[in-house]
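Work through the exercises below with the sequence and the model side by side, and try each task before reading its solution.

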Amino acid sequence: MSSTKSDAFAPRGAKAQIESGLDFTPKFDADGLIPAIVTDAHSGEVLMFAFMNAHALALTIETGVAHFWSRSRDKLWKKGEESGNILNVVEMRTDCDQDVVWLRVDVKGDGKTCHTGRRSCFYRVLPLPADAPAAAHLAFAPDADT
């Protein structure tokens, strides 16, 4: 399990302060994680979704390079450390109740963020009811780099 507490962030206060104030007081879940949505800073394309613990979030803010918590490996993970596809954070935002972060990134290396070798982790389409039979099957997105 990841770290659930960090001195790097202010304690959460009243709802009005969380929603309208300027203190960053991230809300981590029961496992000490906060969801992170990652998009390309230039195109807006959704590249990946991952989780951060307090340490990964603090490292990302400190270094400007995206770090995450790997639930499957149970360890801190610097995206691109092995592949060279480092995610340099151009901008980081949080939502109204500060329980999600959004990273707009510039991808270094060959520009691929998915461990499958694709640019984005979102390379398949799930047909909507009007387009699919009762048992839906995935299809590769037209813009997927297969």
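**Exercise 1. Locate Gln-98 and describe its backbone and its surroundings.**

Gln-98 sits in the loop between strand S5 (87-94) and strand S6 (101-107), where helices (H or I, at least four residues) and strands (E, at least two) are DSSP runs numbered from the N terminus. Before going further, note that this is a predicted model, in which local features need pLDDT of at least 70 and side-chain atom pairs count only at pLDDT 80 or more, while totals for chains, interfaces and linings use all residues. Residues are numbered from 1 along each chain as its sequence is written, and side-chain values use heavy atoms, with hydrogens and water left out.

The next step is the backbone: Gln-98 has a positive phi of about 60° although it is not a glycine. Most residues other than glycine have a negative phi.

The last step is accessibility, where buried means under 20% relative accessible area, exposed over 50%, and partly exposed in between (1.4 Å probe, protein chains only). Gln-98 has a relative accessible area of 4% and is therefore buried. One residue that touches Gln-98 is Thr-25, which is placed in the loop between helix H1 (15-20) and S1 and is itself buried, at 5% relative accessibility. Not counting residues up to four places away in sequence, Thr-25 also touches Ala-10, Pro-11, Arg-12 and Ile-18, a contact being heavy atoms within 4.5 Å.

**Exercise 2. Describe Asp-74 in the same way, and then Lys-75.**

Asp-74 is found in the loop between S3 and S4, and has a positive phi of about 55° although it is not a glycine. Because its relative accessibility is 43%, Asp-74 counts as partly exposed.

Lys-75 belongs to strand S4 and is likewise partly exposed, at 42%. Leaving out residues up to four places away in sequence, Lys-75 touches Phe-68, Trp-69 and Ser-70.

**Exercise 3. Summarise the chain, and then show how helix H2 is packed.**

Start with the whole: the protein chain has two helices and eight strands, which follow the pattern α-β-β-α-β-β-β-β-β-β along the sequence. Of its 146 residues, 34% count as buried.

Now turn to H2 (residues 54-63), in which Ala-54, Ala-56, Leu-57, Leu-59 and Thr-60 are buried. The cover over these buried residues includes strand S1 (34-40), S2, S3, S4, S5 and S6. Just after the helix, Gly-64 takes a positive phi of about 75°.

Finally, look for the largest nonpolar core, a core being a set of buried Ala, Val, Leu, Ile, Met, Phe, Trp, Tyr and Cys residues joined through side-chain atoms within 4.5 Å. This core has 19 residues, and those with the most contacts inside it are Val-38, Met-52, Phe-68, Leu-87 and Leu-103. The elements that give two or more residues to it are S1, S2, H2 and S6. Leaving aside neighbours within four places in sequence, Met-52 is in contact with residues including Phe-28, Leu-57, Phe-68 and Leu-103.

**Exercise 4. Follow Met-48 through its own contacts.**

Met-48 lies in strand S2, and with a relative accessible area of 2% it is buried. Beyond its neighbours within four places in sequence, its contacts include Val-38, Phe-68, Trp-77, Lys-79, Leu-87 and Cys-121. Met-48 and Cys-121 are 73 residues apart along the chain, yet their C-alpha atoms are separated by 5.3 Å.

**Exercise 5. Decide how many disulfides the model has, and examine two cysteines.**

Apply the rule that a disulfide is a pair of cysteine sulfur atoms within 2.5 Å; the count then comes to zero. For Cys-114, the nearest cysteine sulfur is that of Cys-121, at 3.7 Å, and Cys-114 is in no disulfide.

To finish, compare accessibility: Cys-114 counts as buried at 8%, whereas Cys-96, at 54%, counts as exposed.
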